[in-house]
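Okay, thanks for making room for me today. I'd like to walk you through some charged contacts and then one nonpolar spot, so let me put the structure up.

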Amino acid sequence: VGEPRPRYARFTLNLLARGQAIPEGMAKRALVIDHEPLWVEVQRVGERAVISVQARIELRDGMPALAGQRERMLDGLTTLSPFLREHLELIDSPHDGLAIQDVQTGESFMPSETGRRGPDTMETVYTFPQTRIHGTVALDVRTPIKRLLLCNTQVVPGLGFEGTLLSAYSAARAVTRSLGRDWMNRGRWTKVEL
């Protein structure tokens, strides 16, 4: 069937903004689909908001194209909060190797721990050669490796937590179908083989 290969990398952008930048009724987690899908998590801390944004970057020749990624993600966030740039205080990403930007003073500085920064710290998303059309699903629950099922956030990445629940349900359903209904009532659950 083929070996898995790296297809995407997850780029994270962290923002510190005044609380007025976040719409009042906005949830803590949101999926923004504009130019590129952005997974947004917001946490309010006093009068400020910490915004963590993740984007999926396609790998070309094993390397991600990071030039201008911060600006592209900030442009995508303006659909969620049009006045975000006016309330920004700090902009940082551990993956692009650039310095932390202090928006109010216009200065930039590097953090003290530079060892855990850079493009190699991005989480890689793997793909298998496609043998059929997946639709909204990124990876199959069943893998080319016999008796190995996938049950994680990469199976249905567009649904977030619900995608993890769906992949867990699909994996459990594959196990129960291979064992038969009689075994579920009388067998030992500690020694399961597919």
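**Salt bridges and a surface patch**

Let's begin with Arg85 and Glu71, whose side chains meet in a salt bridge, 3.2 Å from N to O. Look at where they sit: Arg85 is in helix α2, residues 84-87, and Glu71 is in helix α1, residues 69-77, so this pair links distant parts of the chain, 14 residues apart. Both ends are partly exposed: Arg85 has 36% relative accessibility, and Glu71 has a relative accessible area of 40%.

I should say right away that this is a predicted model, so please keep that in mind for everything that follows.

Okay, next pair. Glu89 forms a salt bridge with Arg48, and here the closest N and O atoms are 2.8 Å apart. Now we're among the strands: Glu89 belongs to strand β6, residues 88-92, and Arg48 to strand β4, residues 48-60. That's a link between distant parts of the chain again, with the two positions 41 residues apart in sequence.

So which end of that bridge is buried, Glu89 or Arg48? It's Glu89, with a relative accessible area of 9%, and the cut-off for buried is under 20%. Arg48, on the other hand, comes out at 38%, which makes it partly exposed.

Third pair: Arg10 and Glu123. They form a salt bridge too, with the closest N and O atoms 3.7 Å apart. Arg10 lies in strand β1, residues 5-18, and Glu123 lies in strand β9, residues 123-127, so the bridge ties together parts that are 113 residues apart in sequence. As for Glu123, its relative accessible area is 43%, so we call it partly exposed.

How many salt bridges are there in total? The count comes to seven. And they don't just come as isolated pairs: Arg70, Asp92, Asp96 and Arg117 are linked in a network of salt bridges. If you have the model open, pick out those four residues and have a look at the network.

Last thing, and now we leave the charges behind. Leu159, Leu166 and Tyr169 form a nonpolar patch on the surface. Together they have about 310 Å² of accessible area. Tyr169 is found in helix α3, residues 161-179. At 54% relative accessibility, Tyr169 counts as exposed, because the cut-off for that is over 50%.

That's what I wanted to show, and I'm happy to go back to any of the pairs.

Definitions and conventions
Residues are numbered from 1 along each chain as its sequence is written. This is a predicted model: local features need pLDDT of at least 70, side-chain atom pairs count only at pLDDT 80 or more; totals for chains, interfaces and linings use all residues. Side-chain values use heavy atoms; hydrogens and water are left out. Helices (H or I, at least four residues) and strands (E, at least two) are DSSP runs, numbered from the N terminus. Buried means under 20% relative accessible area, exposed over 50%, partly exposed in between (1.4 Å probe, protein chains only). Patches are made of residues with over 30% relative accessible area and no salt bridge: like charges are joined within 9 Å, nonpolar side chains (Val, Leu, Ile, Met, Phe, Trp, Tyr) within 5 Å. Accessible areas come from the Shrake-Rupley method with a 1.4 Å probe; for residues, only the protein chains shown count as cover.
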